[in-house]
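Reader: I have a model open on my screen and would like to understand the terms people use for it. Could you take me through them?

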Amino acid sequence: KCEAPIVRAWTRENPGRRFYGCRGFGVGNGHESCNFFRWYDVEKPHGWQCLALQEAREIMQEQKEEIANLRAKVRSLTHECSNEFSRELEDEMKEKGEECEALKREVLILSERSSMLRNALVASYVGFGVVVGGIMVMSRW
C-alpha cells in the first residue's frame, strides 16, 4: 500500500482538474503502477473557468518550449564559448611556452657570462696578489 499524491490534469477535457493517482499511473518512470485513480475535484471545470484553464495550459506549454529552446541556446553558447576560450588558452599557453624558452636561453647566456666574470675576477685577484708580492720582494732587495 502506498500513498497516492494529488496531481493536476492538463488535458483538454479536464484542464487544471486535480486527481489522486498512483505514482506510476500513466507513466513509465520506473514506478510500479497499481492503476489507482480517483478525482479529487468532483466537478469538471466549466464555462469561463475551463477556458481560463485551457488558456493557462497553452501559455505554460509555450513557456516550457521557450525554456527548452533557451536551455539549448545556453548549451550551444556555453560550448561555443568553451571552444573559443580553449583556443585562446592554447594560443596563450603556446606564447608563454615560447617566452619561457627565450628566458631559459637568456638565463643560460647570463650563467655563462657570470662564470666568465667570476673567473676573470679570481684571475685579477691572483694577478694583483702576484704584483703586490713581486713589489714587496723587490723592495726588500
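**Reasons behind the labels**

Author: Happy to. Strand β2 is largely enclosed by the rest of the structure, because five of its seven residues are buried. Please keep in mind that this is a predicted model.

Reader: What makes phenylalanine 19 count as buried or exposed?

Author: Buried means under 20% relative accessible area. Phenylalanine 19 has 11% relative accessibility, so it counts as buried.

Reader: And what is phenylalanine 37 called, with its 33% relative accessibility?

Author: Partly exposed covers the range between under 20% and over 50%. At 33%, phenylalanine 37 therefore counts as partly exposed.

Reader: How do you know that β1 and β2 pair, and in which sense do they run?

Author: Two strands pair if there are at least two bridges between them. Four bridges join β1 to β2, and these strands run antiparallel. One bridge sets valine 7 opposite phenylalanine 19 in β2. The two strands form a hairpin, with four residues between them.

Reader: How many bridges support the pairing of β2 and β3?

Author: Three bridges, again in the antiparallel sense, against a requirement of at least two. Glycine 21 has phenylalanine 37 in β3 as its bridge partner, and phenylalanine 19 has tryptophan 39 in β3 as its partner.

Reader: Which strands are called edge strands, and why?

Author: The sheet is open, with three strands in the order β1-β2-β3 and antiparallel pairing. β1 and β3 (37-39) are the edge strands, as each pairs on one side only. From one strand to the next, the twist averages 40 degrees.

Reader: What makes you say that α1 packs on this sheet, and at what angle to β2?

Author: Contact means heavy atoms within 4.5 Å, and α1 touches β1 and β2 in packing on the sheet. The direction of α1 makes about 85 degrees with that of β2. Cys50, Gln54 and Arg57 are buried in α1, and the buried residues of this helix pack against β1 (6-10) and β2 (15-21).

Reader: How does the reach of α1 compare with the span expected for a helix?

Author: Helix α1 takes in residues 47-140, which is 94 residues. At 1.5 Å a residue, 140 Å is expected, and the helix reaches 133 Å from its first C-alpha to its last, so the two values are close.

Reader: Where does valine 74 sit, and what makes it buried, exposed or something in between?

Author: Valine 74 is in helix α1. Its relative accessible area is 49%, and exposed requires over 50%. Valine 74 is therefore partly exposed. From C-alpha to C-alpha, valine 74 and lysine 64 are 15 Å apart in space, with their positions 10 residues apart in sequence.

Reader: How many aromatic pairs does a search of the whole structure find, and what is the pair of phenylalanine 19 and phenylalanine 37 called?

Author: The search finds four aromatic pairs. For phenylalanine 19 and phenylalanine 37, the ring centres are 5.0 Å apart and the planes are at 35 degrees. Rings pair if their centres lie within 6.5 Å, and planes under 30 degrees apart would be stacked, over 60 edge-to-face. At 35 degrees the pair is therefore tilted. The pair links distant parts of the chain, with phenylalanine 19 in strand β2 and phenylalanine 37 in strand β3, 18 residues apart.

Reader: What name goes to the pair of tyrosine 20 and tyrosine 40?

Author: That pair is edge-to-face, with 75 degrees between the planes and 5.5 Å centre to centre; the cut-off for this name is over 60. Tyrosine 20 lies in strand β2 and tyrosine 40 in the loop between β3 and α1, 20 residues apart. Tyrosine 20 has 29% relative accessibility and so counts as partly exposed. Tyrosine 40, at 36%, therefore counts as partly exposed.

Reader: Which residues does UniProt list as "coiled-coil region" and as "transmembrane region"?

Author: An unreviewed UniProt entry lists residues 53-113 as "coiled-coil region". In the model, that span is 100% helix and 0% strand, with its end C-alpha atoms 87 Å apart. "Transmembrane region" is placed by UniProt, in an unreviewed entry, at residues 120-139. Residues 120-139 are 100% helix and 0% strand, and their end C-alpha atoms lie 28 Å apart.

Conventions
Residues numbered from 1 in each chain as written. Predicted model: local features only at pLDDT ≥ 70, side-chain atom pairs only at ≥ 80, totals over all residues. Heavy atoms only, no water. Buried < 20%, exposed > 50% of the residue type's maximum accessible area, 1.4 Å probe, protein only. Axes fitted to C-alpha atoms, helices over the stretch in contact; angles between N-to-C directions. UniProt positions renumbered as here; feature names shortened; annotations may be inferred. Phe/Tyr/Trp six-rings, centres within 6.5 Å; stacked < 30°, edge-to-face > 60°.
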